[in-house]
Amino acid sequence: MVQSAGERPLLEVERLSKAYGYLQAVDQISFRLWPGELVALLGENGAGKTTTLQMLAGMLTPDGGKICLHGQRLTAGELKRLVGYMPEMPALYPGLTGQEFLEFVGGLRGFPRAICRQRASELLVRFGLEEVTQRRIRGYSQGMKRRLVLCATLLHQPPLLLLDEPLNGIDPSGVILVKRELAALSARGHALLIATHLLDVAERLCGRAIILAQGRIVADGSLDELRARTGEATLEQIFARLAQVALAEVEKEEERQ
Ligand SMILES: Nc1ncnc2c1ncn2[C@@H]1O[C@H](COP(=O)(O)OP(=O)(O)OP(=O)(O)O)[C@@H](O)[C@H]1O
């Protein structure tokens with residue numbers, strides 16, 4: 001962890017919950033993120049990762065719990081403004097060029113045109129899209145669209161980034177570039193929470209992992225801590241071990257009921 005003595009957490013999540021009807025998708029989860037942390041949010045399909053990210057981004061109203069940024073409890077509107085959220089399947093405007101799309105997003109966030117233009121140009125270069133900035137998005141590949149959405153997520157320079165499967169559909173050289181940019185953001189003090197199924201990428205990129213199962217946190221620690229706790233060497237093995245334990249516990253609970 002990047003936590004240092006006396007430093008305040010950037011994000012504090014306390015007993016956050018969300019149900020869809022009878023389904024408890026997120027069940028009283030609590031954790032903190034410190035500036036500069038790059039944390040993997042892991043879990044099987046349906047574990048509650050997207051629901052968690054959407055609540056933290058102010059897109060979904062929690063049933064209970066507390067979300068504080070820099071020690072302040074925030075409303076959904078404030079979270080939307082301050083947090084950078086990259087959804088798994090965002091809506092894009094195919095008729096706009098990459099540059100136009102970013103300027104449009106910046107405009108929605110209330111930035112003056114000149115600032116939008118400058119930030120958009122910088123981000124498009126950083127994410128390897130300089131050659132397609134003037135091409136319409138409908139002609140972008142899947143990986144290019146993903147990188148463009150990352151640019152849009154970073155446009156307002158949010159201190160907290162919530163990324164849902166940011167590397168999906170990106171080719172190997174693009175993955176190297178995006179990982180380098182994410183590591184650079186963390187080095188500059190941004191906190192990043194990354195939901196992913198790519199355990200090998202998470203292992204190389206993230207210093208810490210939070211593992212969800214059935215909406216609950218079953219593990220949260222640095223990779224070294226998780227290795228020591230499970231006796232397993234790789235994140236894949238750690239994940240398999242902890243997911244099995246969680247599943248067995250749920251089955252026991254169901255038998256008791
Ligand atoms: N809008 C919704 N209405 C009803 N149920 C939902 C809704 N969104 C999610 N769920 C359910 O809530 C649970 C958690 O879903 P969520 O999308 O948060 O999981 P996830 O960990 O992101 O899954 P995946 O890895 O498949 O993206 C799942 O059982 C899902 O079916």
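Here is a short chat about the ligand shell and the salt bridges of this predicted model.

Visitor: Which element gives the most residues to the shell around the ligand?
Guide: In total, 13 residues surround the ligand, and Gly46, Lys49, Thr50, Thr51 and His197 are the closest. Strand S2 (23-33) and helix H1 (49-56) are the elements that each give two or more residues. The top contributor, with three residues, is H1.

Visitor: How far is the polar side-chain atom of Thr51 from an oxygen atom of the ligand?
Guide: Let's take the polar contacts one by one. Gly46 uses a polar backbone atom, 2.8 Å from a ligand oxygen. Thr50 brings a polar side-chain atom to 2.8 Å from an oxygen of the ligand. For the side chain of Thr51, the distance to a ligand oxygen is 2.6 Å.

Visitor: How much of the ligand's accessible area does the protein cover?
Guide: Start from the ligand on its own, which has 630 Å² of accessible area. The share of that area covered by the protein is 60%.

Visitor: How many residues of the shell around the ligand are charged?
Guide: The shell is a mix, with six polar residues and four nonpolar ones. The charged residues in the shell number three.

Visitor: Which residue does Arg32 meet in a salt bridge?
Guide: Arg32 sits in strand S2, and its partner is 20 residues apart from it, in strand S1 (residues 11-20). Arg32 has 42% relative accessibility, so it counts as partly exposed. The N to O distance of the pair is 3.6 Å, and the partner is Glu12.

Visitor: What separates Arg227 and Asp224 in helix H8?
Guide: Their side chains meet in a salt bridge at 2.8 Å, N to O. Asp224 counts as exposed because its relative accessibility is 56%, over the 50% cut-off. Because the two are three residues apart in helix H8, what separates them is about one helical turn.

Visitor: Where is Glu203, the residue whose side chain meets that of Arg227 in a salt bridge?
Guide: The Glu203 and Arg227 side chains come to 3.2 Å, N to O. Arg227 has a relative accessible area of 26%, so it is partly exposed, and Glu203, at 23%, is partly exposed too. This pair links distant parts of the chain, 24 residues apart: Arg227 is in helix H8 (residues 223-230), and Glu203 is in helix H7 (residues 199-205).

Visitor: Which residues are linked with Arg208 in a network of salt bridges?
Guide: A search of the whole structure turns up 12 salt bridges. In the network that includes Arg208, the other linked residues are Glu37 and Asp220.

Technical notes:
Residues numbered from 1 in each chain as written. Predicted model: local features only at pLDDT ≥ 70, side-chain atom pairs only at ≥ 80, totals over all residues. Heavy atoms only, no water. Near = heavy atom within 4 Å. Polar contact = N/O pair within 3.5 Å; in protein donor to acceptor, adjacent residues only side chain to side chain. Areas by Shrake-Rupley, 256 points an atom, 1.4 Å probe, with all protein chains shown as cover. Helix = DSSP H or I, 4+ residues; strand = E, 2+ residues; numbered from the N terminus. Nonpolar A, V, L, I, M, F, W, Y, C, P; charged D, E, K, R; others polar. Salt bridge = Lys/Arg side-chain N within 4 Å of Asp/Glu carboxyl O. Buried < 20%, exposed > 50% of the residue type's maximum accessible area, 1.4 Å probe, protein only.
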